Amino acid sequence: MSLSSTTSKPFVSLVGAGPGDPDLLTMKAYRLIQSADVVVYDRLVSEEIMALVTPDAERLFVGKKLNHHCVPQDQINQILVDKALENKHVVRLKGGDPFIFGRGGEELETLVENGVEFEVVPGITAASGCSAYAGIPLTHRNHAQSVQFITGHLKKEGQDIQWASLAQNNHTLVFYMGLKQAPVIRQNLIANGLSLETPCAIVERGTTPKQRVLTGTLKELESLANQAISPSLIIVGSVVSLHHQLHWFKS
Ligand code: SAH
């Protein structure tokens with residue numbers, strides 16, 4: 001039983017929808033999507049997943065594209081509060097995991113300020129989903145002992161990132177929202193000592209029937225990024241070389 005169905009207090013379920021394939025929803029996400037009165041969702045939530053929402057539920061699209069803000073974040077926060085205060089069961093559905101580059105924390109802070117209770121349902125984040133479906137293990141005893149998730153939404157040409165700590169061998173880097181910043185990523189990693197020949201991949205629309213995996217080396221990162229469309233994930237590191245042997249997903 002979810003908390004929401006046992007209480008009449010204002011309540012929001014913040015739910016991760018995973019990277020696209022509806023079969024990657026958690027059982028809990030699936031159940032909540034089907035019982036919601038209102039679903040507030042993003043651009044990254046796939047059509048197949050929205051098709052699971054009951055026909056009489058209210059659907060509110062608050063999707064955002066870089067430079068084309070549909071609904072500003074503070075307005076999204078307010079929608080969640082207002083709908084919850086109408087005593088509707090609100091499901092806030094986000095692509096991937098709500099706590100990984102999802103601004104889920106900010107939305108919850110507004111709920112707390114307004115006395116609205118909530119639960120958080122984790123989802124499969126793009127790094128897990130895309131790497132699994134691309135046959136690129138993020139760690140591997142012979143290749144990488146650690147992995148790092150980094151946002152490509154960089155300020156001031158990436159000066160806010162500690163590039164020296166990223167540019168390590170035996171380490172996998174996963175950049176979210178990195179397509180536009182591919183030249184900055186390549187330049188800074190090379191300047192900090194990563195080899196030009198470091199394998200890298202771009203996984204476009206991962207886990208969906210339209211998935212594409214582009215592979216090359218760090219020196220080619222910019223041209224790979226120019227061939228890809230959003231949403232795409234950039235993976236840098238020796239583990240990418242395993243893709244040729246381990247790819248399995250037929251899109
Ligand atoms: N909360 C989400 C991430 C939101 S940021 C999560 O946990 O996955 C949005 C970025 O996620 C996109 O720009 C892209 O880099 C990545 N992403 C999300 N879904 C993706 C998919 N199906 N394929 C490739 N990248 C994806």
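Which residue has a backbone N or O atom that lies 3.0 Å from a nitrogen atom of the ligand? In this predicted model, the residue is Gly95, and the ligand around which this account begins also has a nitrogen atom 2.9 Å from a polar backbone atom of Pro19. A side chain takes part as well, since an N or O atom in the side chain of Thr125 is 2.6 Å from an oxygen atom of the ligand. Taken alone, the ligand exposes 540 Å², and the protein buries 93% of that area.

The surroundings of the ligand can be described residue by residue and then by larger units. The ligand is surrounded by 18 residues, and the closest are Asp97, Ile100, Thr125, Ala126 and Ser232. By type, the shell divides into 11 nonpolar residues, five polar ones and two charged ones. Helix H5 (126-134) and strand S12 (232-236) are the elements that give two or more residues to this shell, while domain 1 (3-121) and domain 2 (126-246) each supply at least three of its residues.

One of the closest residues, Ser232, has its place in strand S12. Ser232 counts as buried because its relative accessible area is 9%, which is under the 20% cut-off for that class. A polar atom of the Ser232 side chain lies 2.6 Å from the backbone oxygen of Ile229. In the loop between H8 and S12 sits Pro231, which is joined to Ser230 by a cis peptide bond with omega about 0 degrees.

Strand S12 leads on to the protein interior, as it is also among the elements that give two or more residues to the largest nonpolar core. This core has 24 residues, and those with the most contacts inside it are Trp163, Leu166, Phe175, Leu189, Ile202, Leu221 and Val236. Besides S12, the elements giving two or more residues are helix H6 (163-166), strand S9 (171-176), helix H7 (182-191), strand S10 (199-204) and helix H8 (221-226). The largest share, four residues, comes from H7. In soluble globular proteins, nonpolar side chains tend to be buried together.

Two loops beside these elements deserve a separate look. Asn170, in the loop between H6 and S9, has a positive phi near 60 degrees although this residue is not a glycine. Met177, placed in the loop between S9 and H7, likewise has a positive phi, about 55 degrees, without being a glycine. Most residues other than glycine have a negative phi. Asn170 counts as partly exposed because its relative accessibility is 47%, and Met177 is partly exposed with a relative accessible area of 37%.

Technical notes: Residues are numbered from 1 along each chain as its sequence is written. This is a predicted model: local features need pLDDT of at least 70, side-chain atom pairs count only at pLDDT 80 or more; totals for chains, interfaces and linings use all residues. Side-chain values use heavy atoms; hydrogens and water are left out. A residue is near a molecule or strand if one of its heavy atoms lies within 4 Å of it. A polar contact is a pair of N or O atoms within 3.5 Å; within protein, one must be able to donate a hydrogen and the other to accept it, and residues adjacent in sequence count only if both atoms are side-chain atoms. Accessible areas come from the Shrake-Rupley method with a 1.4 Å probe; for residues, only the protein chains shown count as cover. Ala, Val, Leu, Ile, Met, Phe, Trp, Tyr, Cys and Pro count as nonpolar, Asp, Glu, Lys and Arg as charged, and the others, Gly among them, as polar. Domain bounds come from an automatic or database domain assignment. A nonpolar core is a set of buried Ala, Val, Leu, Ile, Met, Phe, Trp, Tyr and Cys residues joined through side-chain atoms within 4.5 Å. Buried means under 20% relative accessible area, exposed over 50%, partly exposed in between (1.4 Å probe, protein chains only).
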